[in-house]
Structure formats: C-alpha cells, structure tokens
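Here are my notes on this structure, set out as numbered points. They take up confidence first, and then the pocket and the cavities.

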Amino acid sequence: MKKILLFSSLIAIMLGMGSCGDYLNVDSYFADTFREDSIFANKYNITRYYNGAVSLLPKEGGLWHYGSTPGLTGSDEAVSCGTWNGGFLDIQYSGTMLTTNQVTASSMSGWTWDFNVWEPCYKIVRKCNILLSNISAVPDMNSIEKMQFRCQVRFLRAYAYYWILRNQGPFVILGDEILSSNENTEYYSHSRNTMDECVDYICTELTEAAEYMAEEHNQNELYAPTKGAALALAARIRLTAASPLYNGGTAASRYFSDFKRKSDGEYYVSQTYDERKWAVAAAAAKKVIDMKRYELYTVPADQYTVELPANVPSEEYPNGAGGIDPFRSYSEQFTGEAVAMTNPELIWGTADGVNDQLANHFPMTLGGWGAMSVPQRMVDYFYMVDGRDIKNASAEYPYNNRPYDNTCITQADKTLSKNYVLKGGTYAAYDNREPRFYANIGFSNRLWTMSSTNVTGKHDIQVTYFRGGNNGPQLSTNNVYCTTGYVCTKYVHLTDALSGESARTITKVLPLIRYAEVLLTYAEALNHLTKEWDIDGIKVSRNTEEIKSAFNRIRYRAGLPGVSDEELADVETFDKIVQRERAIELFHEGHRFYDIRRWGIVEQLEKEPLTGLNVNLGEWNGFYQPCVIQHSAIRERVWKDKMILLPLNLNEVRKAPTLDQNPGWEK
C-alpha cells in the first residue's frame, strides 16, 4: 500500500462549521465520497478513506510562511518583514502575526495559514475511530494486513492529537468513541482532559502502534511513519511533559496556576514537580537508541577537509571527530545532497514545503524575496571552531569583530570543505567558526554559487546586505529586505538557483524527526535525574558516561570537542549547554518555538530586544555594528502571557459550554 499519502497536505481554507458538535464530528469527505457500507468493501476503498483522513493534517512544511504553527518567526529564531503584498495577495508570516498581537480567538487564520488545528484534527480522530471499528469487516485484507493497518490508523489518530497538544494544549480524549451528528448541545458537552492525561494517552497509542509498524520502508513509502517515528515522537512528547512549563515549579505556576477545569477545579497543568517524568522521557528515547537502526549522518573526510583543532578528539567517529568531514556531514542532509532513503539519521521526514520556502532566504536580485532574516542572538550562539564561545575565543582561533572597518577582514580565500569557500575580504567575525555556522548562516560576502544557471550575474555571487550592497535595503520597493544582515542557508544546495536560464532547485527533505533530536532528548532527560529509575525494564540515571555517549556524538559530528566533566558536574550548567546545542543543531527545523516555552524562558527572551546588523548603513560606515532591529514588524513585537499557548477558536468554546478556553484568551 502506498503511504506517501498526503502526510503533509493542508486544506487551504477551512470550511465554515455547522452544527453545535462540529468541532468533533464534521465528516464531509466521508459524506461526499463514500456510502458508509462501501468504505469497508475492499482494501482500495478503505485506503482511500484513510487517505482522506491524512489529507486533513495541518501542513508540516509551513515553518517559514503559510503554516499551522507560529513556526520560525514565532520565536527568536527568525524575523520577517511582516505582511506585504506579493502581487495578487498579501504574504503573511504566521509567527509574526502572533508576536505582533494580531491573533485573537476569533481571528486565527489568514491566507492559507490557520492556527485552528482543533477542528481538522478532530475530523481525523473521527475518521480513525470509524476505521478502527470496522477494519475487521474488510474481506480482502488478511489478519496481518489488518493488524498493520490498525497500527497505522492509531498512529494517525495519535498524531492528530499531538498537533492539538502542541498548539492548544490539553484536549478532549474521545478514545474509540464515534460521536453522532445533529445531536443536542448537551450531547457534545465534553470537558478537556489534563495535560498529563493527554500525554499518557498519546504516548500509549504511539508505543502500542509501534509494535507492528514497519521498521523501514521501500522507495514508494519514503515519507511514511515507521516504528522509529512512533517511538521518537513519544520521546519528544514525554520530554515536553517533563519540562518546567508542564512539570510544576516556577514556569508551571507562572502561566497555569489559575488554569483549572471548571467542572471539578482540577489543574489542567500539574503544579507539583515529578522527577519520574524525566525518567520516562529518558527511557522513551532509549527505546529508539536501542533499536540500533539509526546513527548520525556522516561523510568521509577528503583532501578538502580542514584539520581538526588540537582540543578535538581525532579518533575515528563516533569516538572522536576523525575520519569525517564535519561540514558536509551536517549540511548535506538538508541541502538535498544526501539520499533520504539511505540517510541513517532521518527517522521521519517530508519533502513538502522546503523548496517552496527558498525564496524567503534567496537574495531579492536573484529571484528571492529576502523577506526572512536571522537575529544576531542566533548567530552568536554558534561556537568557534574549537568549541569556545565568541566571548572567550582562543588566541589560535580568535574572534575578531573590531574595528568595524575594512581592516577587520579575512585576507585570502579559505577552503573549509569541498563545498564551501570563505572568501577573502569577509568580515573577520565570520572566520574561525564551527562548521554548522557556515551550513546555517548566510552573511555579507558569502558566496552563492547557484551553479544550475550559467547566466552572467546569476551565479557565483558574493551577496551583500548593507545599504549600497547588491542586496541592500535600497533595492526594496515594498519594505521587504534582509533586516538583520543574516539569512538562513541551511537548505540551499550549491546548484540551487531561482532565476536565470536552466535555474533549478534540488528537492530537499524537511526532517520531522531525526536521530540527533533523540540523542539530545536522552541527554537532557538524564541530566535531571537524582536517582536510578526503572521504567518498564529500562534503567535510567544521571550517568555522566551515558550523557557523554549521546551528547558527544553530536559534538564530534560537528567537529567540536565533547562536553567536559566540569560542564557535567552541575545540572543547571549542562542544562544551558543542551539548550544552546538544540538551538544550533536543530536550527530552522521547527523546534525552538516550543523549546523556549517548555523551558520557561520565552518571556525572558521576548523581553530582550532583537538585534542585527545596521543594514541601513554602508559596509564600512557602521553596518557591522549590531543594533536593535528597526523594521516595523520587529518594533511591534510584544509578549503577553496568553501567548504561551494558542487559543481555542471562539466558535468552539461558545458551542460547547464545558470547553474551557486557554488562559488569557477571550471566551
């Protein structure tokens, strides 16, 4: 059975809702497509019905614009130029709509972006429940096929609930119940379950579904979820539940101390700390590790590979950084160079949406919009090549960002990998940085090869973002330009071009889950344990060697030294190291919006001004001196406590009297 199956499709504009119970039971696809007695007549029909459920899923690839989550601009990971006219419609960035306080419970969507995942996801739940109640009736499916299909449906149902959980928080657990249509209001008066109940339900469904899901797939099933995807998703959810926002303490109290179910006064989010949640998260990640199916993607070193700094272990990877090219090992799985089918790091991914977003980062004179930029804070997170912070750089690998004139530049071209040359004349602050910096960050004088076109002026261009530069703000006619002097280049292949004869882009895969995340989950969860726990036969504790084994794999793959005993000696110190590592390693993959919330640091970060380079000045007239970003879309950013969760649509709350609204949003 083909399972590429539309897992990243999105209905562009949701239809209006009808009866009072529609948030749980609208099923127009079924009514329009099949007679109920035909759904289970054969494998072909049941597969089509299943595909109809899958097609309702929110769009995973909408991280940059047109999404169902606030995505990248909803955090400090990226900033956009706000709303602008793209020719025949207004271009809106969902995260910017949230951070500029333009989202309300009655206004949760724009042109093809929609935060109201509650309604379509409950449609999916109902379809799944119909499938689960009737799979046994399909005559041309054998018992093994029925068992596997049942697990596939349970995964889809759990995944739909997960979408609600991460956007709107606690939901209504229906179990296998199929609600009827056109009943009275009281029939649909379900209360939301608590956060812990929702987490336990989803993770139990995922774990049980994983038992009979395929461990690998063939070429026709490349983007289908597997056993590893189910277990890794459960680990992600368990980590979220263990984190400060949802596990008692200051953050849980700060945002949810008054968030109680009106039917019985029960807290939706626990106000009591429970260390066992960290142990459960660690054990969930360990299940994926123990599959021994996944490993970080690596590329062998060649004549272009830069020699490792003396403080980086030179043993063959994974015990050191020797034998691999760190730049290519990290970058190629995002640029499309790596083959998804054979990438041992890719647990689950989608090809939908990534190529469509390249215009956000491509220079506006080369076919792009230049509409999305990277703040200085994110740029500064990246380490020096020897693993030191820019504020504590070594004499051998110095960080030079003074003076802001043409004496502070690199003196000659420097080959950093087969696929990357740092050009002479580049601002010296971009020299001596770790390989992931060059894979992720585009800065002034970075070389854009765009080799698929041979049109003069369309390839091998050193792009510049200052006033007077070849992509400076003076070229914009609609207030759309690179606002910080930095863009994301993570998904840009050497051949990618958006203009010029023969211009083309290589198909990319957006990793929904990759093994690096699982290793980081395991290290973070272990760090918070004070004793040994036995979780379903898996023993976990704050074993520093176990933490090193997981965490250092990521560091060594990046060509950096591993975590030291001194850094591991203190829980809080290592916690900050993990947080920074996730910001770097998982950059522009859709995690940070949720990470800074679950850690309880979002308010602190949002209240610190976002800075970038001064793009309104010339290159040697102050451009490289960071300043507070002056674009209106960034000046108008605000933080309100209610933004910790997205609202339930006002129509849903008013139709079901027992359905509590999220804190701070209108009722």
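1. This is a predicted model, and its average pLDDT is 92, with 94% of the residues scoring at least 70. Residues 1–32 need separate treatment when you read the coordinates, since pLDDT stays under 50 over that stretch, for which the model has 96 contacts beyond four places in sequence.

2. The largest pocket has a volume of about 640 Å³. Its lining is made up of 26 residues, and Tyr381, Tyr383, Lys576, Ile577 and Arg580 are those nearest the centre. Helix 13 (376–381), helix 18 (571–585) and helix 20 (602–607) are the elements that contribute two or more residues to this lining, and helix 18 provides the largest share, with four. By character, the lining of the largest pocket comprises twelve charged, eight nonpolar and six polar residues.

3. Across the whole structure, five cavities of 30 Å³ or more are found, and the largest cavity has a volume of about 530 Å³. It is lined by 39 residues, among which Tyr162, Arg166, Arg236, Gly590 and Tyr594 lie closest to its centre. Helix 7 (143–168) gives the most to this lining, six residues, while helix 9 (227–242), strand 12 (510–514), helix 15 (515–527) and helix 19 (592–598) each supply at least two. The lining of the largest cavity divides into 22 nonpolar, ten charged and seven polar residues.

4. The second largest cavity has a volume of about 50 Å³, and the residues lining it include His361, Phe362, Tyr465, Asn471 and Cys482. What is the character of the lining of the second largest cavity? Seven of its residues are nonpolar and three are polar, with no charged residue among them.

Notes. Residues are numbered from 1 along each chain as its sequence is written. This is a predicted model: local features need pLDDT of at least 70, side-chain atom pairs count only at pLDDT 80 or more; totals for chains, interfaces and linings use all residues. Side-chain values use heavy atoms; hydrogens and water are left out. pLDDT is the predictor's confidence in each residue, from 0 to 100. Contact means heavy atoms within 4.5 Å. On a 1 Å grid over the protein atoms alone, a cavity is a set of points where a 1.4 Å probe fits but cannot get out, and a pocket is an open set with protein on both sides within 12 Å along at least five of seven lines; lining residues have an atom within 4 Å of a point. Grid points are joined across faces, edges and corners, and a volume is the space filled by probe spheres set on the points. Ala, Val, Leu, Ile, Met, Phe, Trp, Tyr, Cys and Pro count as nonpolar, Asp, Glu, Lys and Arg as charged, and the others, Gly among them, as polar.
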